Amino acid sequence: MEACQVIAMSTIEEITYRCNSCKAIWSEGEFGRDCPECGGGSMQRNCILCNGQCDSVYLRAVLDSWDSGEAHWIGSCNLPEEEKQRLMKILFSR
Ligand SMILES: [Zn+2]
Ligand SMILES: [Zn+2]
């Protein structure tokens with residue numbers, strides 16, 4: 001019986017989150033390298049602002065990522081305010 005199998009699987013495994021664009025399974029740590037929806041991480045990634053210098057971990061906002069087709073992350077940079085301003089200028093002046 002198919003239905004039984006599905007129920008049994010879902011009790012063991014957590015919900016599978018995957019990228020709609022490249023089908024990488026985020027909940028298993030996969031992500032597409034050049035995929036805007038993956039955005040360089042699976043369910044979490046290091047700080048997008050300073051590229052991990054501050055040791056802050058950002059969590060994926062799965063629904064927002066799906067809705068927009070672009071990676072959305074929840075988190076904040078731990079670097080001092082001035083440093084963040086400086087990095088933001090670099091990021092957004094590209
Ligand atoms: Zn992707
Ligand atoms: Zn940071």
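**Notebook: a three-stranded sheet and its surroundings**

I started with a single pairing and found that Asn46 has Val57 in S2 as its bridge partner. The model I am looking at is predicted, so I read the entries below with that in mind.

**Entry: the strand pairs.** I followed that pairing along S1, residues 44-46, and S2, residues 57-60. The two strands run antiparallel, joined by three bridges. Gln44 stands opposite Leu59 in S2. I then looked across to S3, residues 73-74, which is joined to S2 by two bridges and also runs antiparallel to S2. Here Leu59 turns up again, with Ile74 in S3 as its bridge partner.

**Entry: the whole sheet.** What is the order of the strands in the open sheet? I noted S1-S2-S3, with antiparallel pairing. S1 and S3 are at the edges with a single partner strand each, so each has one side left without a neighbour in the sheet.

**Entry: the faces of S2.** I reminded myself that side chains in a regular strand alternate between the two faces of the sheet. Which residues of S2 are on the covered face, and which on the uncovered one? Tyr58 and Arg60 make up the covered face, while Val57 and Leu59 make up the uncovered one.

**Entry: the core.** Tyr58 also belongs to the largest nonpolar core, which has nine residues. Its other members are Cys19, Trp26, Phe31, Cys38, Cys47, Leu49, Ala71 and Trp73. As a general note to self, nonpolar side chains tend to be buried together in soluble globular proteins.

**Entry: Trp73.** I picked this core member for a closer look. Leaving out residues up to four places away in sequence, Trp73 touches Tyr58, Leu59, Arg60 and Ala61, and also Arg45 and Ile48.

**Entry: helix H3.** I checked the length of H3, residues 81-92. Its twelve residues should span 16 Å at 1.5 Å a residue, and the end C-alpha atoms are 16 Å apart, so the two agree. How many of its twelve residues are buried? The count is zero, and I wrote H3 down as hardly covered.

**Entry: the chain overall.** I stepped back and counted three helices and three strands. From the N terminus on, the elements run α-β-β-α-β-α. The chain has 94 residues, of which 14% count as buried. Lastly I looked at contacts with a separation of 6 or more, and found that residues 24 or more positions apart account for 30% of them.

Note on methods. Residues are numbered from 1 along each chain as its sequence is written. Chains are lettered from A and ligands numbered from 1 in the order in which they are written. This is a predicted model: local features need pLDDT of at least 70, side-chain atom pairs count only at pLDDT 80 or more; totals for chains, interfaces and linings use all residues. Helices (H or I, at least four residues) and strands (E, at least two) are DSSP runs, numbered from the N terminus. The expected span of a helix is 1.5 Å times one less than its number of residues. A residue is buried if 20 or more other C-beta atoms lie within 10 Å of its own, exposed if 12 or fewer, and partly exposed in between; C-beta atoms are placed from the backbone. Two strands pair if DSSP finds at least two bridges between them. A nonpolar core is a set of buried Ala, Val, Leu, Ile, Met, Phe, Trp, Tyr and Cys residues joined through C-beta atoms within 7 Å. Two residues are in contact if their C-beta atoms, placed from the backbone, lie within 7 Å.
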